[in-house]
Amino acid sequence: MLHTLAALVENHPGVLTRVAGLFARRAYNIDSLSVCQTDNPELSRMTIVVNGDDQVIEQVRNQLNKLVIVHSVTDLTAESVVDRELALIRIQVSPETRAEVLQTVDIFRGRVVDMGRTNLTVELTGDVGKINAFVRAIRPYGLLELVRTGKIVIRRSDV
Amino acid sequence: MLHTLAALVENHPGVLTRVAGLFARRAYNIDSLSVCQTDDPELSRMTIVVHGDDQVIEQVRNQLNKLVIVHSVTDLTAESVVERELALIRIQVSSETRSEVLQTADIFRGRVVDMGRTNLTVELTGDGEKIDGFIKAIRPYGLLELVRTGKIAILRSET
Amino acid sequence: MSMNAGKKELKGATILLEALEKEGVDLIFGYPGGVLLPLYDALLDSPIRHILPRHEQGGVHAADGYARVTGKVGVCLATSGPGATNLVTGIANAYMDSIPLVVLTGQVVTSLLGTDSFQEADITGITTPITKHSYLVKDAREIPRIVKEAFYLAGTGRPGPVLIDLPKDVLAMEVEPFPAEMKLKGYQVPSRGDSSKIAEVAKALSECHKPVIYAGGGVITAGAGGVLRQLAEKASLPVVTTLMGIGSLPYGHPNLLGMVGLHGAVAANFAVDDCDLLLAVGVRFDDRVTSGLGHLFATKAKIIHIDIDLAEIAKVVRTHIPIVGDARLVLEEVLNVFEGLPVPQVTDWWDQVRAWKNYYPMKYDKDRMTPQMVIESMGELANDDTMVITDVGQHQMWAAQFYPIIKSRNFATSGGLGTMGFGLPAAIGAQIARPDDLVFLVTGDGSFQMCIQELATIAHNKLPIKIVLLNNGVLGMVRQLQKFFYGERYSQTDLIDNPDFVKVAEAYGIRGIRVDSMEQVRSALAEAIAYPGPVLLDFTISPNEDVLPIVPPGKPITEMLGG
């Protein structure tokens, strides 16, 4: 089962090495890891998606928390969160297929950010499921390039 | 000067450690690093924004390229690229300030993804300057939480 | 009046030494080098005592031995590049056994960092996976804070090695230091456990029928041996210890069943397998104890796990009552709550346990000079404050099985990493730490040669260490495994052309005594103990002696050979 952990870590060189090294050494099954800035220049936020059962996740959390450079770890899996990812997707187009592709982009509320003769590039923001669905939808036309940020997550407010 | 490098690296544990370790060891001045999936499950894409003059950047590229797990490194700086970042921003609002904040979000073409009694959360996609601009604009109202991906970049097509 | 009245600029090196003195450091094991010149110069004006090993590995193991027998943070120092990399084994060793060390390394000047300069090594990068935390100091003003934090991190919670990398220009720069205010937002030290869980534990103890206490290194670190003993006696609980837990209960105590695991006592292994309540204190269920078969370990038992490190809970076995906290504080509370409860009904269990003990005692042949006999003789001639330091191999297991350790912190051995060569320098650290107590080093001819150059350090500092060299001319433990499990196909375990160790000792100015018969053993040991200086006793042992019992690889701990 995929779990999403958000960790607040100190923002200086060597920190990423220590965390990445921890995961590599203990052979945890990491689906994605993104490091984001926060409003505090001394702290970064890592969003880590891990594959494992409750026992493994507990271990990952505890091992992360042990690191002096990690200030806190929150398991956001069960929480009410907004999760988003950003992707830039280059799709092959021909005069015949262009209109269909643009229609698909529209349906998914993506934005065309670059247009060439034989390809166009779409910017798409949404939850991971939506991005995956869009990629599936345009793949038949020819997926030329795909760049994704990895998931970021924020808690919903309580009201 | 800030340079943007895009590296294609093998997608397995220990790779991130090796790259992060390289940067820490050689004391390169990294502004941000994001790791993204590509369409090929065996390869990841790292977008690295690094400070330095041409000589330093040349060094960074060459040292990265030396790593067996790095397949290619492209300097996107001088190229025509589409750069994007994604941010989730939680802003404090009151009944008085709510409409102003919503208006600002609209101007920047941000999307409100969560609404509480005393705060709301905006999802914003754009280049770094746009995101910086938005944060500056809403800060007076009260910036409660900020989660921001690193930069991702894709080459514009030639035509 | 000048704005700077009363303010003083100091060299980084001086700031460092003053910060160390503030932490109560009176001893450093160090080896100089080019980038450390500023520090070694300042050292001449410092009251801190400096001991020079003959290899940096000797220095870090000595600091480690010092820490193990005192509970204080050990300090070692090495220069950049190869000096630092020579520390790696010792740092990993301390990390695996949770030993508090502050490791200082010199580094090239900051402007040269990352350029492959002379004697440069990325020691913080190299030791990232084997340090509790590390620092690369770029500004000498940060030194007081960093030193204070380093000692705090090394010595609290689950202890471990902390590295501070010091570039030459940082040591040389003259600055006014920042105040030593720690900024450790990412670090919390658990102390008392959850009281509801403690109540559960006391209740479980009261209601069980076949309890066992499984005690390890954490009991020693917390100084919990006393309260553990009280609890064991009050509730009539049998106790087994790990290699690192030796000394939790005095050898020969009626409740002590012995060591558990791969070379443990039969009674200990059977008891753990059959118990209905396992009180695990300061242990990590490592594969020397479980044989790597966590799912087959104490399967009939409700498992209580008391440990200061949350990440150890449920890492290997399912745990019914986890308590995160300091072992001593938690056990004191458990004992408190337990006072008001009925004692468990364990008479039948004790009959069973005693039967196992009587039927499967630790034994050895008495018809020749055996290593076990040497160890037992040592015990008969020593006193309760004597320290036994070991290297790694068969001799280590025999020492663990047969030496009567009475008090905590009198047994120091490389448990987790199993580092051959640890013994000699660790014994140096131990003797310097407690100069009035007798120190035995139990070693083998393989291990002894790995850090043999430290004989010079012993001689130079006139340390009256008694080296018990169990010399069988082979790499004993590996050879035994080849004998039992590889059809006696001996591959590279013959230490042919060993030197005459008595002559080697004498070359270093150390008294050497060869012992090759049973009759000489006691008199040689007595002579060595009485002699006011270091002595090497070279015991000629047969290569065919086996460590028994032994659990074959991959088998559960109930399937022992030779028990």
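Seven nonpolar, three polar and one charged residues make up the lining of the largest cavity. The model is predicted. This cavity has a volume of about 70 Å³. The structure holds two cavities of 30 Å³ or more. Rolling a probe the size of a water molecule over the atoms shows where such empty space is left.

The walls of the largest cavity come from chain C. They include C:Asn269, C:Val272 and C:Asp273. C:Thr290, C:Leu293, C:Leu296, C:Phe297 and C:Ala298 are also among the lining residues. C:Pro556, C:Ile557 and C:Thr558 line the cavity as well. Helix α12 of chain C, residues 266-274, provides the largest share of this lining, with three residues.

The second largest cavity has a volume of about 30 Å³. By class, its lining has one nonpolar, three polar and four charged residues. The lining residues include C:Gln394 and C:Gly476. C:Arg479, C:Gln480 and C:Lys483 are among them too, as are C:Pro543, C:Glu545 and C:Asp546. Helix α21 of chain C, residues 476-485, gives the most to this lining, with four residues.

Chain C also contains helix α1, which spans residues 12-22. Several of its residues are buried, including C:Gly12 and C:Ala13. C:Ile15, C:Leu16 and C:Leu17 are buried too. Further along the helix, C:Ala19 and C:Leu20 are likewise buried. Just after α1 of chain C comes C:Gly24, with a positive phi of about 85 degrees.

The next results concern chains A and B. Their contact takes 46 residues from chain A and 48 residues from chain B. Between them, the two chains bury about 4,300 Å². Carbon and sulfur atoms account for 56% of this area. On the chain B side, B:Gln37, B:Asp39 and B:Ile154 supply 13% of the area that chain B buries against chain A. No other three residues supply more.

Charged side chains also meet across this interface. Seven salt bridges are found between chain B and chain A. A:Asp114 and B:Arg156 form a salt bridge through their side chains. The distance from N to O in this pair is 3.1 Å.

Methods:
Residues are numbered from 1 along each chain as its sequence is written. Chains are lettered from A and ligands numbered from 1 in the order in which they are written. This is a predicted model: local features need pLDDT of at least 70, side-chain atom pairs count only at pLDDT 80 or more; totals for chains, interfaces and linings use all residues. Side-chain values use heavy atoms; hydrogens and water are left out. Buried means under 20% relative accessible area, exposed over 50%, partly exposed in between (1.4 Å probe, protein chains only). Helices (H or I, at least four residues) and strands (E, at least two) are DSSP runs, numbered from the N terminus. On a 1 Å grid over the protein atoms alone, a cavity is a set of points where a 1.4 Å probe fits but cannot get out, and a pocket is an open set with protein on both sides within 12 Å along at least five of seven lines; lining residues have an atom within 4 Å of a point. Grid points are joined across faces, edges and corners, and a volume is the space filled by probe spheres set on the points. Ala, Val, Leu, Ile, Met, Phe, Trp, Tyr, Cys and Pro count as nonpolar, Asp, Glu, Lys and Arg as charged, and the others, Gly among them, as polar. Contact means heavy atoms within 4.5 Å. Buried area is the accessible area (1.4 Å probe) that two parts lose on being put together, summed over both. A salt bridge is a side-chain nitrogen of Lys or Arg within 4 Å of a carboxyl oxygen of Asp or Glu.
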